[in-house]
Amino acid sequence: MALWGEIVRISVVGLGYVGLVTAVGFAKWGHQVTGVEADKERLLALLSGSVPFFEPHLAGLVRSECASGRLRFAASTREGINRAQLVFTAVGTDDGHGGWQTDTMSVCLEEVVPSIADDAALVVRSTLPPDFVRRMPTLVNAIRVSAGKPDVPVFLNPEFTREGQALQDFLTPERVVIGIGDDPSGKGTTLLKRAYKSANAPILEMGAVDACFAKLGANLFLATKISFANELAALCDAHGADINSVVGAMALDSRIGGKFLRAGIGFGGSCLPHQVTMTAEERVAADVGTPLMQAVRRVNDEQPQRLVDRLRAILGGTLAGKSIAMLGLTFKPETDDVREAPALRVAEILLSQGADIVAYDPMVGARSRAQAIVPGLRVAASARAALTGADAAALVTEWREFLELDWTEAAEWMKTPAIVDGRNALDPAEMLRCGFRYAAFGRRIDLDGTSPHRSFRIEPTTIATKAPRGNGLPVAVT
Ligand code: UDX
C-alpha cells in the first residue's frame with residue numbers, strides 16, 4: 001500500500017477490461033484513481049457497483065475501492081484527467097474482425113492530450129502495432145503544440161494480464177515494462193515507477209517500441225508453445241506415447257519449463273490468435289517473412305477439426321443425425337469471453353456435418369453470445385440437460401464444474417457414454433471406469449486403467465473403450 005508521500009493521482013481513460021483492471025489495481029495499492037468512461041450505460045453500471053463483464057473478484061473490488069474513496073468515475077475526459085499526474089489510456093484497438101486498428105487510439109489522443117496537466121505524463125496501455133508506437137511521441141507532441149501547451153512525457157506500458165486472473169496478474173506481476181517514448185527529464189519515469197512500487201516486481205525500462213515487442217514476443221512465444229505441444233501430441237498419438245508423461249519429463253529441463261504445453265483444441269481469446277495472425281500476415285512488419293507464426297497459426301486452426309475427427313471416430317464413423325453435448329463455450333475457464341473460442345469453430349464444423357449440438361457453459365452470457373455467432377447452436381441450462389440423451393460429448397472448456405462432474409451418473413444420462421476430451425483435462429482411466437469410450441490428444445489410454453507401462457499401439461484417432469459394465473474386456477477401435 002502506497003505511503004502518504006508516494007500516492008500518485010492517476011486517471012485511466014477507457015474502462016473496458018484492461019482499463020478497469022488497471023484503475024482498480026492502482027486504487028488497491030493506495031493511489032487516487034479516476035476512471036473515465038464515455039459510454040453512459042457502462043458508466044452507470046460501474047457507478048452502481050456492477051461490472052459489464054465477468055472477471056473473478058473485480059466487481060467486489062470496484063465496490064470496495066469506491067467505498068474507500070480511492071476510486072471514482074467520471075464521464076467527462078477533461079474533468080476526469082485535469083488533476084492527474086499520470087494519464088493512462090486503455091481504449092480497444094481490435095477492429096472486431098481479427099485485425100488491428102489505431103483509429104480509436106488516435107481519436108482518444110486528440111481528446112485526451114490537450115487536457116493533460118503540463119507536469120503530468122501520458123501512459124498508453126493498449127496493445128498497438130509497432131509503427132504506431134514509433135510515431136506516438138511525435139503525434140502527441142503535435143497535439144500539444146496545436147493546443148498551445150508544452151510537451152508531456154509519453155510511455156507505452158503493456159499489460160500482461162490473463163483473463164480470469166487479471167487482478168492477480170496486475171497486483172503481483174512477474175515484471176513491469178516501462179516503454180519510454182519521450183521523457184527527456186526522466187520525471188515521468190520516476191512517477192510511473194512510484195505508481196508501480198507496490199508491485200514488488202522487476203521494473204524494466206526500455207524504448208517504447210521495445211516494450212511493444214516485449215508484449216508481442218511474450219504472446220507469440222506462448223502461442224508457439226501451445227502449437228508445439230499440439231504437434232507433439234499428434235506425434236505421440238502415432239506411436240502410443242503419452243503427451244503428459246513426455247511434457248512432464250521436458251518440464252524438468254529448466255531451459256524449457258512445463259507451462260503452456262498442454263495439448264488440446266488450441267488457443268483462443270482476444271490476444272494470442274490476434275497477435276499470431278497479425279504477425280503471420282506480415283502486418284507487424286511488411287516484407288519480413290514469418291514462417292514460424294504461419295505454422296503456429298496453421299496448427300492451431302487445425303485443432304478443432306482434429307476434435308471433430310475424434311468425435312466421428314468415437315461415433316463409429318458418422319456425425320450426421322448424432323446428438324453431441326458440448327461442454328464449455330468460452331475460450332478458457334473463469335471468463336465469459338467467447339472471442340476466437342475454439343468451441344465455436346467446433347460447433348460450426350459439427351453443424352455443417354449434420355450433427356445436432358446442445359452446448360452448455362456455466363456463463364449464461366457466453367451461451368447467448370455463442371448462439372448469436374453460430375446459427376443453429378442449441379444451448380442448455382445445465383451440464384445434465386446437455387448430456388441427457390446425447391450420443392457423445394465433447395469437453396471444450398475445462399471448467400471445474402465439468403472436472404468434478406459425477407461421470408458415472410453422467411454415463412447414465414447419455415444415450416451412449418462417449419467423450420472426446422478437448423483439453424486433456426479428465427483422467428482417462430477414471431473415464432473408462434465410469435463406462436465411457438474416451439479419446440483425447442496424445443494421451444495413451446491404458447485400457448485397463450491400471451498399468452501405465454502396458455504397451456500397445458494406438459492409432460492417431462484411436463478411442464479407448466471398455467464394454468460398459470460388460471465382460472470387462474477392453475477393446476480399441478479406430
Ligand atoms: C493471454 C496472455 O497469457 C496474457 O499475458 C496477455 O496479456 C493476454 O493474452 P489470455 O488470452 O487471457 O492471456 O489467456 P491465456 O491464459 O494465455 O490462454 C490463451 C489460450 O491458450 C486459451 O484458449 C487456453 O485454453 C489456451 N492454452 C493455454 C492451451 O491450449 N494450452 C496451454 O497449455 C495453455
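**Ligand contacts and helix crossings**

Me: What makes the approach of Glu163 to the ligand a polar contact?

Reply: A backbone N or O atom of Glu163 lies 2.7 Å from an oxygen atom of the ligand, and since a polar contact is a pair of N or O atoms within 3.5 Å, this pair counts as one. This is a predicted model, in which local features need pLDDT of at least 70, side-chain atom pairs count only at pLDDT 80 or more, and totals for chains, interfaces and linings use all residues. Residues are numbered from 1 along each chain as its sequence is written, while side-chain values use heavy atoms and leave out hydrogens and water.

Me: How do you know that helix 11 is oblique to helix 12?

Reply: Helix 11 (residues 272-280) and helix 12 (residues 291-314), both DSSP runs of H or I with at least four residues, pack at an angle of about 135 degrees, taken between N-to-C directions on a scale from 0 to 180 degrees. Angles under 35 degrees are roughly parallel, over 145 roughly antiparallel, 65 to 115 roughly perpendicular and the rest oblique, so helix 11 is oblique to helix 12.

Me: Why does the contact of helix 9 with helix 10 have no polar and no charged residues?

Reply: Phe228, Ala229, Leu232, Ala233 and Cys236 in helix 9 meet Ile243, Val246 and Met250 in helix 10, where contact means heavy atoms within 4.5 Å. Because Ala, Val, Leu, Ile, Met, Phe, Trp, Tyr, Cys and Pro count as nonpolar, Asp, Glu, Lys and Arg as charged, and the others as polar, the contact has eight nonpolar residues.

Technical notes: Helices (H or I, at least four residues) and strands (E, at least two) are DSSP runs, numbered from the N terminus. A polar contact is a pair of N or O atoms within 3.5 Å; within protein, one must be able to donate a hydrogen and the other to accept it, and residues adjacent in sequence count only if both atoms are side-chain atoms.
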